[in-house]
Amino acid sequence: MAEAVVSIALERLADVVQKRIQEEVNLVSGVKREVRYLSAKLKTIRNVLDDAERRRYKDKTVHNWLRKLEDVSYDIDDVLDEWNFAALKLQIEGSEDVHLQRTKVCPFIPSSCLFFNKVATRRDIAKKIKGLKERLNEILNEKDEFGFVVNQPVVDPRESTRVRSVSLVEVSDIHGRGDDKESLTSKLIHEAASQQGPQVISIVGVGGIGKTTLAQLVYNDDRLVNCFQLKLWVCVSDVFDEVRIANSILESVKKESSNLRELESLLNLLKDSISGKTFLIVLDDVWTEDYNKWEPFKNTLNYGAPGSKILVTTRSERVARMMGTTEIHRLGQLSDTDCWLLMKHVAFHGRSEEDYEELKEIGKKIANKCKGLPLAAKVLGSLLRFKDTKKAWENVLESEIWQLEEAEVELFPHLFLSYNELSPTMKRCFSYCSIFPKDLVIDVQKLIRMWMDLGYLSSTGSTNDHDLELRGKEYFNNLRLRSFFQDIKEDGDNVYCKMHDIVHDIARFLRTTGSEESDVGLEASNNKSSQAFSLSKVYRSLYCQEELSHEQLDFLTFLRVLRLHRWQDIPRGMEKLIHLRYLDASGRIWSSAKDVQSACKLYNLQTLYLSDCKLKEIPRGIKNLTQLRYLVLSYNKLKEIAREIGYLIRLRHLDLTWNTDIVELPETICNLCDLEILNLNYCYGLIRLPEGINGLVNLRHLYNIECTVLHQIPQGIGKLTGLRTLNLFHAGNDWSKLGYLKELDQLSGSVVLNINLHDRADVDEAWKAKLMNKIHIKHLDICFSHDDMGRTQEGELLRNEALEALQPPRTLHSLSISNHNGTKFPNWMISSYLNHLRDLHITRCNILTLPCLGRLPELLELSVSYMTRLSFVGREFLGLIGDNDTDIAMRVPMISFPKLKVLRFEMCLWWTEWEDITAGEESNASVSIMPCLRELDFTNCGLRELPHRLIRKASSLQHLSIHDSFHLSERYEEEGSAARSLFSHIPRVTVVEHPFFVIFY
């Protein structure tokens, strides 16, 4: 972790030498030389950090030395920050003085003040740099005392300490894994369909969750005895030693050891031993992600007989994927009850009934601290086994797990294995998560912003925000796949997760020295807050769990990241936090924009969350935050956006979601040439976008879901050819023009087109849009909201042509068409052009019958609703041509709706007939009608009778549902009736009729 912090300081020093040194330092004698000295010495120290990190958790003096190194590295960053802050402050105040000089008689006074302030600041910086040099020299001298090895790669001590697993297990000692055992055993017994080579099944979970124990349970299940000719158990462990593993398998097969040491010879012998035999091999505790090491074994094991299985246990989903896993069994936590049973078995072994009765209630509470981790239950059970008094048990209950010596010796080493696999930067990203309270739902986007603003993600050179964010997502996914995070939830583009409490304890333990206390001069009202304050110095971050006073701010001036307690007032003196990069003050009510002014003096701020603050205006001082990249103002009561927002030229993300009173955006927003994301979702009052929108040359995502009156999007949007997201576009007549979309071929995801047809000009615009070129759009909703063309023949032709002109890309997955008042559907819809379409929704269209849709090869769901003129559905709907059995006999095999699973009809009140297929078509094996249909639903339909032959032909139908469709309900409602018996082959038939149910539309 020290390497990550040192790297950050080195990057900042390099930036000074290369950029600011010429502008600022030359006026202060010797500072340039001192800066280069610091950089050189840090590089010298970095050369021994691998060896130092290896010794960190066994040698407290090394741990303390690394802490001092981290502190001085942070302090170097702080000094450079102060330098940068002073420069920004002088620049901002200087620009204000220029304005004042135009109105005051004596302009020289502020200029003189600025000059003296500038000189004083530079002298102060020079003095601090000199002090840092002295501290670094002391650390360098101590380094030599430890005798660190230069450029020594981290050597894991695991090989000498790991106990290799065996297949034997005492079943009575295991609790809470019955369902997992049954699920896995079932997968091993049943043969996988069309499997090439042995099927690989992986058990994945965090260290200590019980993966090996579950594999042992399954391996020893009596039901597997007759399923496999060979059963083999191999403990792979962290070092994937090909020769040792091959020897282990051979010894299990031949019941004798081999003297061979060449992998080629071993694998050939293994191939001969398993060839043509069914086998079950358990590969326990696999760590390697190197496919080149696994591939020779995979190729050799392919010689086994069909039905062979490989059961893998691993902490990493990446390993499981590398090995070609077909099914992943993610092992969850035990219940608190099962943890208690497991812990009780160990803790009370050989003890009296009186001891049990006295201590069991405390024991159950201690078991809850395990948070479902079996290894923790065993470790705590072993600890309690030697605690004889109730007081001793209470002490364990009141202690954090990371504070227990037994946990450090017996529990944490198992969990350190995963941690030691990480790169220094990823270690830092993981351990940083200890700042969060336990059981917190972590917003992953915010977590990545914290990593970015702390400089954790820029150690590989790039400072581009987009690249850093991608790297942050990659780091998070790597940590997730290694089971450091759990309970992953996705909500659109947002991802949330939690950390297991004991994984959190590991992160917390990584920063302790055994007797760590808060060293930042803070007092807290509770232990949790005290821990948070203690960590704030280590990580320069504070996640407040209580209100923060202005007195406490005096001891927190080093903070880079601050998340204020929800609903707390902004404490006085916030402007002291000059190093702050990230501020989340969401959730409190601001009385006025003046309350935000203190935040507007944090000139280094890069991320600012002011969500749900009931803000009515943005202060003019926002223009001072020229380093801001990420600004969230969602869920407020803003009526307008201050024009000063145009000063934030580095802004990349602006979120104005749910500000329902905003009518327009200022033209100055178009100055934000770095802006990539503009989120306007649910800004219901927004009418127009600024005319200069083409100035947002880097805009990639314009989110505008439910911007129902945003009718005026300027023509300049057509120049934003990199735009990928535009959720809603109103077009036609006095609105925006469809032709503006012509060059926006990078649009992707979901697009809603709300079209107001007025005359021929609107149809011409539809042709100009060239939707068929926008191959990244996957979901398209075409809605004709207004129609001023009347019921003339020319009007109907224009309506038909308009929809024909809106031909989507053939790669479309989902299509919705509503309020089409033409007389027919377009040609691109009734052919197989949309051969990737999965969902089709047709609603409120003025069509008499349904077109040929049966030829859509990938269609999974079709819904037809509110069709006021639909009266008849014919054979053409299925794609059948001709009307007699002779036609069918003469044709090649045909299939209608080959993949359709769900078919729904709703509010088709005037629909009376659905033409059935013929008897010949029903009996003809070459004709297949809806072979995958699972659900058929009729709601408020006027249909008098169902097409019986067609429904019988849909052989996979599981559920036929009829709701509030009078004629159908009357005919099929009575169970046991002749009409109802026609559907006896359908497992579930629902007929519901609500009396007095009247629909108006």
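Two strands count as paired when DSSP finds at least two bridges between them. With that in mind, this predicted model holds an open sheet built from 10 strands, with parallel pairing. Read across the sheet, the order goes 18-19-20-21-22-23-26-29-30-31. Strand 18 (728-731) and strand 31 (988-992) sit at the edges with a single partner strand each, so each has one side left without a neighbour in the sheet. From one strand to the next, the twist averages 5°.

Zooming in on one pair, strand 29 (residues 935-941) lines up with strand 30 (residues 959-963) in the parallel sense, over 5 bridges. Here F938 has I962 of strand 30 as its bridge partner. Helix 25 (residues 793-805) packs on the sheet, where it touches strand 19 (749-757), strand 20 (777-787) and strand 21 (814-818). The direction of helix 25 makes about 160° with that of strand 20.

Elsewhere in the chain, there is a pair of helices to look at. The axes of helix 9 (residues 242-254) and helix 10 (residues 263-274) come within 10 Å and cross at roughly 30°. Angles under 35 degrees count as roughly parallel, so helix 9 is roughly parallel to helix 10. Their crossing is left-handed. On the helix 9 side, the contact is made by E242, V243, A246, N247, I249, L250, V253 and K254, while helix 10 brings in L263, L266, L267, L269, L270 and S273. Sorted by class, this contact of helix 9 with helix 10 comes to 10 nonpolar, 2 polar and 2 charged residues.

Definitions and conventions:
Residues are numbered from 1 along each chain as its sequence is written. This is a predicted model: local features need pLDDT of at least 70, side-chain atom pairs count only at pLDDT 80 or more; totals for chains, interfaces and linings use all residues. Side-chain values use heavy atoms; hydrogens and water are left out. Axes are lines fitted to C-alpha atoms, for helices over the stretch in contact, and angles run from 0 to 180 degrees between N-to-C directions. Helices (H or I, at least four residues) and strands (E, at least two) are DSSP runs, numbered from the N terminus. Angles under 35 degrees count as roughly parallel, over 145 as roughly antiparallel, 65 to 115 as roughly perpendicular and the rest as oblique. A crossing is left-handed if the near helix is turned anticlockwise from the far one by less than a right angle, and right-handed if clockwise. Contact means heavy atoms within 4.5 Å. Ala, Val, Leu, Ile, Met, Phe, Trp, Tyr, Cys and Pro count as nonpolar, Asp, Glu, Lys and Arg as charged, and the others, Gly among them, as polar.
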